[in-house]
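Here's a quick tour of a model for anyone who would rather think at the bench than scroll through coordinates. Have the viewer open as you read.

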Amino acid sequence: MTSTILVTGGTGYIGSHTTVLLLQAGYRVLILDNFCNSDASVLDRIEHICGIRPDVVEGDIRDAALLESLFAHHPITAIMHFAGLKAVGESTQKPLEYYSANVGGSVCLLQAAQNAGVKTFVFSSSATVYGDPVNLPITETHPRSTTNPYGHTKLVIEDILESLYYSEPEWRIARLRYFNPVGAHPSGLIGEAPQGTPNNLMPYVAQVATGLRPQVQVFGNDYNTPDGTGVRDYIHVMDLAQGHLAALRYCQQQAQTLLTVNLGTGKGFSVLEMIKAFEAASGRPIPYGITPRRPGDIAACWADTTLAAQTLGWTAGLDIRQMCEDAWRWEMRRANQEAAG
Ligand code: NAD
Ligand code: UFG
């Protein structure tokens with residue numbers, strides 16, 4: 001029987017793009033998602049792209065009985081764990097929800113996986129675990145720290161995975177530290193669909209380009225960066241999804257592993273550079289104004305990508321032009337669909 005990958009959070013932004021690549025690579029996919037930040041319509045669009053529909057179960061990763069039944073009834077051989085809450089600001093308002101969903105949910109999932117003897121696990125960590133970086137580019141050995149509950153959940157889950165690995169070395173675990181995922185599938189059929197006002201730069205910029213919002217607020221232009229605005233390592237979500245496939249294959253080839261690896265491009269771009277790139281991709285003006293710094297933001301962050309290239313044979317290939325063009329295609333499609341009711 002074809003091996004099944006359990007993809008938690010598979011209808012979300014990164015999970016849906018990874019699901020497409022898994023299906024296209026011949027894996028069976030079983031999605032577990034509670035739809036708290038996604039909706040089931042993405043399944044039709046995944047099917048449209050791949051010609052295959054992933055199996056989906058609506059439910060929560062904290063539901064131990066449901067997990068036990070999923071492992072009992074499907075030939076699951078590996079887990080890609082995307083499900084969780086991800087808004088930094090919200091995590092300071094609702095810390096218990098974040099610890100429950102992210103830490104509690106991961107423990108519940110790992111317990112069920114252990115009970116079922118499924119020990120191949122790819123986890124969505126984040127560059128947020130590097131805090132305010134002391135050296136750039138950031139290598140995986142950079143000290144970890146965090147300033148908010150969301151980031152702390154990622155630190156704790158990383159530590160739980162390490163403890164588990166040392167208790168039972170037959171685990172094959174990849175902890176993937178994403179930098180800033182942006183862009184969309186080139187078909188324009190799936191992409192990021194934030195609810196309400198976007199917290200992140202690129203979805204906000206896209207909504208200014210469509211006219212939904214009047215201007216981008218640039219959070220500070222007095223950082224110690226070339227143009228004074230924040231610098232980040234933006235990575236195309238399709239490259240990120242490819243990185244997951246590479247990590248899964250790597251884990252499947254090892255007898256045991258605890259891999260911790262950055263997924264970024266190794267290049268940093270400023271807020272103003274990203275606005276310009278989006279103007280070029282969309283052919284629309286993107287008005288912006290400078291506002292005070294956002295509390296908790298760092299000046300600059302980009303990845304050292306050497307380890308990913310060496311261990312996974314993976315490097316990001318898509319540039320900011322492609323990130324912006326694909327994000328724009330997706331945003332236009334969404335805007336047209338909403339206008340059509
Ligand atoms: P997303 O919100 O689009 O996807 C997460 C999915 O998980 C959603 O479909 C949501 O409905 C589901 N979910 C949430 N809690 C759940 C629960 N308790 N049970 C079942 N399903 C649940 O987020 P994303 O951008 O695709 O992020 C995926 C993962 O990557 C998250 O763990 C996030 O913390 C991490 N990450 C994201 C970024 C980013 O900027 N997008 C950066 C670094 C790390
Ligand atoms: N920014 C603006 N205006 C906005 C939004 C953002 O100027 O409206 C600036 C920020 O100050 C920062 C840059 O754009 O300089 C990027 O900000 P994002 O909010 O898009 O991304 P962050 O780097 O702050 O954080 C993101 C995720 C985190 C994750 C981190 C590293 O939100 O969860 O990337 O992966 F931890």
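What follows goes through the two ligands, then one helix, then a couple of backbone oddities. Keep in mind that this is a predicted model.

**Ligand 1**

Let's start with ligand 1, which has 26 residues around it. If you want to find the site quickly, click on Ile14, Asp33, Asn37, Lys86 and Tyr150, the closest of the set. By class, that shell splits into 10 nonpolar residues, 11 polar ones and five charged ones.

Several side chains make polar contacts with oxygen atoms of the ligand. Asp33 puts a side-chain N or O atom 2.6 Å from one of the oxygens of ligand 1. Ser38 does likewise at 2.9 Å, and for Lys154 the distance from a polar side-chain atom to a ligand oxygen is 2.9 Å. How much of the ligand does the protein bury? On its own, ligand 1 exposes 820 Å², and 95% of that is buried by the protein. Helix 1 (13-24), strand 5 (120-126) and helix 6 (149-167) are the elements that each contribute two or more residues to the shell. Strand 5 gives the largest share, with three residues.

**Ligand 2**

Now move over to ligand 2, which is surrounded by 20 residues. Ser126, Gln217, Arg232, Arg294 and Asp297 come nearest. Here the classes come out as 10 nonpolar, seven polar and three charged. Strand 8 (residues 216-219) supplies the largest share of this shell, namely three residues.

The polar contacts to oxygen atoms of ligand 2 include these:

| Residue | Atom on the protein side | Distance to a ligand 2 oxygen |
|---|---|---|
| Asn180 | side-chain N or O | 3.0 Å |
| Leu201 | backbone N or O | 2.8 Å |
| Arg294 | polar side-chain atom | 2.7 Å |

Taken alone, ligand 2 has 690 Å² of accessible area, of which the protein covers 88%. Notice that Leu201 makes its contact through the backbone, while Arg294 uses its side chain.

**Helix 2**

Next, have a look at helix 2, which spans residues 41-50. Its buried residues are Val42, Leu43, Arg45, Ile46, Ile49 and Cys50. Why do they line one face of the helix? Looking down the axis, you'd see these buried residues fall within an arc of 165°, so they sit along one face. And what covers them? The cover includes helix 1, strand 2 (28-33), strand 3 (55-58) and helix 11 (320-339). Right after helix 2 comes Gly51, with a positive phi near 75°.

**Two backbone oddities**

Before you close the viewer, check two spots in the loops. As background, most residues other than glycine have a negative phi, and most peptide bonds are trans.

One spot is Phe35, in the loop between strand 2 and helix 2. Phe35 is not a glycine, yet its phi is positive, near 60°. Is Phe35 buried or exposed? Its relative accessible area is 18%, so Phe35 counts as buried, the cut-off being under 20%.

The other spot is the peptide bond between Leu136 and Pro137, which is cis, with omega about -10°. You'll find Pro137 in the loop that runs between strand 5 and helix 6. Those two elements also turn up in the shell around ligand 1, each giving two or more residues.

Notes: Residues numbered from 1 in each chain as written. Chains lettered and ligands numbered in written order. Predicted model: local features only at pLDDT ≥ 70, side-chain atom pairs only at ≥ 80, totals over all residues. Heavy atoms only, no water. Near = heavy atom within 4 Å. Polar contact = N/O pair within 3.5 Å; in protein donor to acceptor, adjacent residues only side chain to side chain. Areas by Shrake-Rupley, 256 points an atom, 1.4 Å probe, with all protein chains shown as cover. Helix = DSSP H or I, 4+ residues; strand = E, 2+ residues; numbered from the N terminus. Nonpolar A, V, L, I, M, F, W, Y, C, P; charged D, E, K, R; others polar. Buried < 20%, exposed > 50% of the residue type's maximum accessible area, 1.4 Å probe, protein only. Arc of directions from axis to C-beta. Contact = heavy atoms within 4.5 Å.
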